[in-house]
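Hi,

Here is the model I said I'd pass on. Have a look at it first, and then read my notes underneath.

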Amino acid sequence: MTDRQIASRTGEALDRLRASRPLVHHITNFVVMNDTANVTLLIGASPVMAHAPEEVEEMVSMAGALVLNPGTPQRDWNEAMLLAGRRARETGIPIVLDPVGAGATEFRTRTNRMLLDEVKPTIVRGNAGEIGALAGAGGEVKGVDSVGTLTDPEQVVRRAAKQWGVVVAITGRRDLVSDGERTIAVGNGHEWLTTLTGTGCMSTAMVAAFAAVEPDALYAATAGLAAYGVAAELAAARTDGPGSFKTALFDELYRLSSERLAEAASVVPVD
Amino acid sequence: MTDRQIASRTGEALDRLRASRPLVHHITNFVVMNDTANVTLLIGASPVMAHAPEEVEEMVSMAGALVLNPGTPQRDWNEAMLLAGRRARETGIPIVLDPVGAGATEFRTRTNRMLLDEVKPTIVRGNAGEIGALAGAGGEVKGVDSVGTLTDPEQVVRRAAKQWGVVVAITGRRDLVSDGERTIAVGNGHEWLTTLTGTGCMSTAMVAAFAAVEPDALYAATAGLAAYGVAAELAAARTDGPGSFKTALFDELYRLSSERLAEAASVVPVD
Amino acid sequence: MTDRQIASRTGEALDRLRASRPLVHHITNFVVMNDTANVTLLIGASPVMAHAPEEVEEMVSMAGALVLNPGTPQRDWNEAMLLAGRRARETGIPIVLDPVGAGATEFRTRTNRMLLDEVKPTIVRGNAGEIGALAGAGGEVKGVDSVGTLTDPEQVVRRAAKQWGVVVAITGRRDLVSDGERTIAVGNGHEWLTTLTGTGCMSTAMVAAFAAVEPDALYAATAGLAAYGVAAELAAARTDGPGSFKTALFDELYRLSSERLAEAASVVPVD
């Protein structure tokens, strides 16, 4: 597909999202629960946060997508992630893994490797450090931030996708999405996203919302990141600090039309 | 009482709330803790979030009201809810239960039924789906959202109140509050409340703050919902998106005067 | 040092903070995690929230400072606080304890006394009620709010610092920071900070960020509180309610220049 075709498909996915209002089940970290629930709602889906082993299988069965985000990991949440993940897998519900801080500590790397192996998510969305570290491609992570740069990010995203058999999205100044064969670069976004906590987790929530309505995971991830980036650009254009930017970002996610998205999406196939 | 008398009583309750600044003890979910603490503070009460079995009985003994909100339920929090709830019950401290997502999973329905039976709350505040599901009146819940409509919501709220021996509030486009005999409709609010997460939980926090100063639970619930709805109307009048609306809602809750509230409250007895 | 010298040192610390972007490890409460992570980021440091015993020692080893804030205490988090605290102590990483609600319940007082004894933090930041209660100096706490006033706060802060062998900061209308010998009063701030939840916890996050770059803990605490207070003053000057004030506070923390801070800091040695 050409970039215009991908952009147009992105706009159509937003229309389907708003029309069907899918449930998105999040098992996520304590820091971002409120923000990612809001982002899910604002773009047009219906969020639920649920982590009790007693209910996650039943909950995910009603969902259009599942988010696994062990950003404040604790061992006793793994059971819920595994139960929900396996049920989602069995029933064909797309799963988005956000490996927050993988590479920063052995525990985070191990937890995310385990989820990658046991759950086999549909999409993995992380920063360069997290994906690099998980893929053994030299990513460096300080706390939850990526430090340093990957020598060849396009190769890393493609190889990680092939190696894990999933769609991988590396987000940063330029986002890269790959299924191992096809790779798309998403140019939307704004640097103020780096001044706020949870903006990576929010992009994962966007990807999950689109995965509930776009069956091709490569385009779902692309659409979620493009919609998020376009809303960020619109928000930044009318604000002058990170606090007011966040407020405006929420406004713009809600207001974003599919026409505007299709027009502004910078989604370019990479050779 | 006539609608004007109820409105006037609502304004007086706000004056008492600000004058006495009661402590409101919340055992609530991870998604809304920050927002419901802020709403409690902004309307004039003093919030505390505490869920350790070791301290909840001591904490609630100092409080003017208790909120039980198992919105991100996990089994090991039940003990704290039961300990705090029973102590509140024994000492006459009003308890507001928010049965988030009851009806969505068996675990949520069971947890809330258990709290209803064991704690015997003073007020239950939920959406049509949650109250309908708990009362066996056909409510439908997707995640934490009510879907579909109750055939006769006035009958449902009245019967649930009678059946459980509590005041029940069903919130939505029009809120209904009933003690089984008397029923009041609250017409305040704004549709943007549906675009943000936790707005139902915030309305529960409002009800609890008023329950600490208004001994008639029917009027306490009415006053909390009216004050919240009036603040939402004022906020919506000067904003143009959900993000800026939320910021303005916090401003308006803080600024809301008892005169303004008494004047704008749409609180109408239902035959 | 004179007040001008302290103010100038405060500005220099902000420059170092922005240049080195230290990792600040928080083990904190559920209510404020998002806000304190944002404050840490906005002032120029890099936050990570991590509470699993499996990873806290590894995480804190990479950090420039550690925050221990048992504001929603639960027994099974104590192990993580002790592990991280001891490791930080051994390796010379400054520790800031925020004894939220100490004095309100026996459990909170005991938890914080235990952390004080076992971890020996570098700085303790609390309100008058919390510090007074911990020091046995008659502080009174309702929930997490200080009620009543200390008869002689300067004496309380000095004695607590001496007794515990740490730097103590009591925040309120006028902040007091002491190491037992030297005491500094910080006059910056705004009353709207009292209308929002978590503003005390955010001031602790500020103190921790500065402790990562300012080796003298007395000046680190002073700098963190002054920077926070100056940003609050700038934010209040252009807003008219607590909601918009919070948004502006985030903007101003990000924008705050070291020159502006050095100029506006009201940091006065107390005899």
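**What I found**

Let's begin with helix H8 of chain A, residues 199–211: at 1.5 Å a residue, its 13 residues should span 18 Å, and the end C-alpha atoms are indeed 18 Å apart, so the two figures agree. Bear in mind that this is a predicted model. H8(A) is also mostly covered, with 13 of its 13 residues buried.

Next, the symmetry. Two copies of a chain are related by a rotation about an axis and a shift along it. Here, chain C lands on chain B after a rotation of 120° with 0.0 Å of shift along the axis, at an RMSD of 0.0 Å. These two copies are therefore related as by a three-fold rotation axis. Within chain C, the C-alpha nearest that axis belongs to C:Phe30, at 3.9 Å from it.

Do the copies use matching or different surfaces to meet? Different ones, because only 11% of the interface residues of chain C are also interface residues in chain B.

Finally, the contact between chains A and B. Chain B puts in 28 residues and chain A 27. On the chain B side, helices H2 (33–43), H5 (106–119) and H10 (242–255) each supply at least two residues. H10(B) gives the most to that side, with 4 residues. By type, the residues of chain B that touch chain A split into 13 polar, 9 nonpolar and 6 charged.

Shout if you'd like to go through any of this together.

Cheers

Key. Residues are numbered from 1 along each chain as its sequence is written. Chains are lettered from A and ligands numbered from 1 in the order in which they are written. This is a predicted model: local features need pLDDT of at least 70, side-chain atom pairs count only at pLDDT 80 or more; totals for chains, interfaces and linings use all residues. The expected span of a helix is 1.5 Å times one less than its number of residues. A residue is buried if 20 or more other C-beta atoms lie within 10 Å of its own, exposed if 12 or fewer, and partly exposed in between; C-beta atoms are placed from the backbone. Copies are superposed by least squares on the C-alpha atoms of residues with pLDDT of at least 70 in both. Two residues are in contact if their C-beta atoms, placed from the backbone, lie within 7 Å. Ala, Val, Leu, Ile, Met, Phe, Trp, Tyr, Cys and Pro count as nonpolar, Asp, Glu, Lys and Arg as charged, and the others, Gly among them, as polar.
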